Amino acid sequence: MKQTTTISDSDRMYMQRCIQLALCGEMGAAPNPMVGALLVCDGLIVGEGFHVMCGGPHAEVNAIASVRDKGLLRRSTLYVSLEPCAHYGKTPPCADLIIEMGIPRVVVGCQDPFAKVNGLGISKLRDAGVDVKVGVLEAECLRLNRRFMTFHQKQRPWVTLKWAQSSDGYIDGKREQGGRPARLSSRFTSVLVHRLRAQCNAIMVGTNTVLLDNPTLNTRLWPGDSPLRVTIDRRHRLPGGLNILDGSAPTIVYETGSLGEILADLYGRNVQSLLVEGGARLIGSFMDEGLWDEARVETSPENLSAGVEAPRMCGGTLVSEEHVDGRTIQTFVHDM
């Protein structure tokens with residue numbers, strides 16, 4: 001579907017704005033993708049929109065609705081970060097609306113892998129005589145909805161591995177059950193972790209983490225729904241009365257199944273994103289099996305000297321590094 005025509009600076013600029021708009025739907029669009037759209041007429045932006053909430057109007061609909069003088073549409077270019085839909089779901093097809101409004105040119109960031117779209121929206125527009133360009137800032141648009149893309153292309157959730165480690169490479173000191181874990185995150189970076197939890201559909205920890213820490217795995221430091229809580233208990237070691245079994249959020253305890261089978265089951269439950277918070281053995285298992293997409297590693301200035309060794313990064317490329325509240329937060333992506 002992609003054209004090999006030259007991409008202009010203006011096309012890049014307007015698509016970057018679409019990505020900015022799309023991010024406004026970060027907390028409401030899921031499980032639908034985040035999408036931003038705008039309309040340009042005679043070099044001026046005359047309308048903007050984004051997908052606000054799942055089940056609500058799509059970005060293209062909101063952008064078109066925002067144009068006061070609808071007569072401008074027949075002279076405008078529509079920029080949209082994701083291919084317009086061509087099917088009836090909770091809303092009518094956006095491709096049909098674009099054709100109906102007489103918009104002559106559409107610039108698309110990337111194709112939608114969802115089976116009911118997957119190039120059909122682009123084909124419908126072109127069949128109706130619309131000039132369509134595809135692939136402007138494609139990599140950025142794909143990354144914007146990496147969870148959605150992975151879910152539909154690989155039939156499993158997007159997996160983010162997350163851990164905090166000391167400056168000398170430990171995620172915890174030596175302790176017995178009931179002892180307090182090492183405090184490696186600051187109050188502020190803990191808030192950032194809870195924001196990440198709010199962005200994920202599910203959160204997973206291993207049996208030992210549940211037994212040692214009795215975590216709640218909620219979003220108490222950030223607004224938004226708490227994720228589905230997931231753990232593994234193949235040897236039936238988890239007692240009743242644990243925080244993850246308190247009923248405050250849905251919880252799944254897997255007693256059988258490989259990691260691949262667990263991910264397949266979560267896919268069947270429409271879980272698009274899974275945050276794996278520990279412990280070291282569980283994170284290492286995801287790495288060993290290549291079943292991860294992104295890793296967030298926070299390094300504290302504290303030195304523990306001994307304890308539980310942090311996972312060793314394997315097969316990942318560093319894509320960003322931030323220095324926050326005395327800590328270093330690195331993000332890695334899995335080399336596929």
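# Worked exercises on a predicted model

Arg195 lies over the face of Trp222, 5.9 Å from the ring centre; a charge sits over a ring if NZ of Lys or CZ of Arg is within 6 Å of the ring centre and within 35 degrees of the ring normal. The model is predicted, so to say: local features need pLDDT of at least 70, side-chain atom pairs count only at pLDDT 80 or more, and totals for chains, interfaces and linings use all residues. Residues are numbered from 1 along each chain as its sequence is written, and side-chain values use heavy atoms, with hydrogens and water left out.

## Exercise 1: the aromatic pairs

Task: work out which parts of the chain the aromatic pairs tie together.

Solution.

Step 1. Start with the count: the structure holds two aromatic pairs. Rings of Phe, Tyr and Trp (its six-membered ring) pair if their centres lie within 6.5 Å; planes under 30 degrees apart count as stacked, over 60 as edge-to-face and the rest as tilted.

Step 2. Take Tyr14 and Tyr79: the ring centres are 5.1 Å apart and the planes stand at 50°, so this pair is tilted. Tyr14 belongs to helix 1 and Tyr79 to strand 3, so the pair ties together parts that are 65 residues apart in sequence. Helices (H or I, at least four residues) and strands (E, at least two) are DSSP runs, numbered from the N terminus. Both Tyr14 and Tyr79 are buried; buried means under 20% relative accessible area, exposed over 50%, and partly exposed in between (1.4 Å probe, protein chains only).

Step 3. Now take Phe151 and Tyr267, a tilted pair with 4.6 Å centre to centre and 45° between the planes. Phe151 lies in helix 6 and Tyr267 in helix 9 (residues 259-268), so parts 116 residues apart in sequence are tied together. Phe151 is buried at 5% relative accessibility, whereas Tyr267 is partly exposed at 28%.

## Exercise 2: the salt bridges

Task: find where the partners of the Asp42–Arg75 and Arg229–Asp246 salt bridges lie, and say whether each partner is buried or exposed.

Solution.

Step 1. The structure holds 14 salt bridges, each being a side-chain nitrogen of Lys or Arg within 4 Å of a carboxyl oxygen of Asp or Glu.

Step 2. Asp42 and Arg75 meet at 2.7 Å, N to O. Asp42 sits in the loop between strand 1 (36-41) and strand 2 (44-50), and Arg75 in the loop between helix 2 (59-65) and strand 3 (77-82), so the bridge ties together parts 33 residues apart in sequence. Asp42 is exposed at 64% relative accessibility, and Arg75 is partly exposed at 47%.

Step 3. The side chains of Arg229 and Asp246 form a salt bridge at 2.9 Å, N to O. Arg229 is in strand 9 (residues 228-232) and Asp246 in the loop between strand 9 and strand 10 (251-254), 17 residues apart. Here Arg229 is buried, with a relative accessible area of 1%, while Asp246 is partly exposed at 43%.

Step 4. For one more example, Arg296 bridges to Glu298, with the closest N and O atoms 3.7 Å apart. Both of these residues are buried. Elsewhere, salt bridges that share partners join Asp11, Arg105, Asp131 and Lys133 into one network.

## Exercise 3: the pockets

Task: describe the lining of the largest pocket and of the second largest pocket.

Solution.

Step 1. Fix the term: on a 1 Å grid over the protein atoms alone, with a 1.4 Å probe, a pocket is an open set of points with protein on both sides within 12 Å along at least five of seven lines, and lining residues have an atom within 4 Å of a point. A volume is the space filled by probe spheres set on the points, which are joined across faces, edges and corners.

Step 2. The largest pocket holds about 1,600 Å³ of space. Of its 49 lining residues, Arg175, Thr209, Asp213, Glu277 and Gly278 are the closest to its centre. Elements that each supply at least two lining residues include strand 6 (158-165), helix 8 (207-213) and strand 11 (273-278). The lining divides into 18 nonpolar, 15 polar and 16 charged residues; Ala, Val, Leu, Ile, Met, Phe, Trp, Tyr, Cys and Pro count as nonpolar, Asp, Glu, Lys and Arg as charged, and the others, Gly among them, as polar.

Step 3. The second largest pocket holds about 1,400 Å³. It is lined by 46 residues, with Glu26, Arg146, Arg147, Leu196 and Gln199 nearest its centre. Helix 7 gives the most to this lining, with five residues. The lining divides into 21 nonpolar, 15 polar and ten charged residues.
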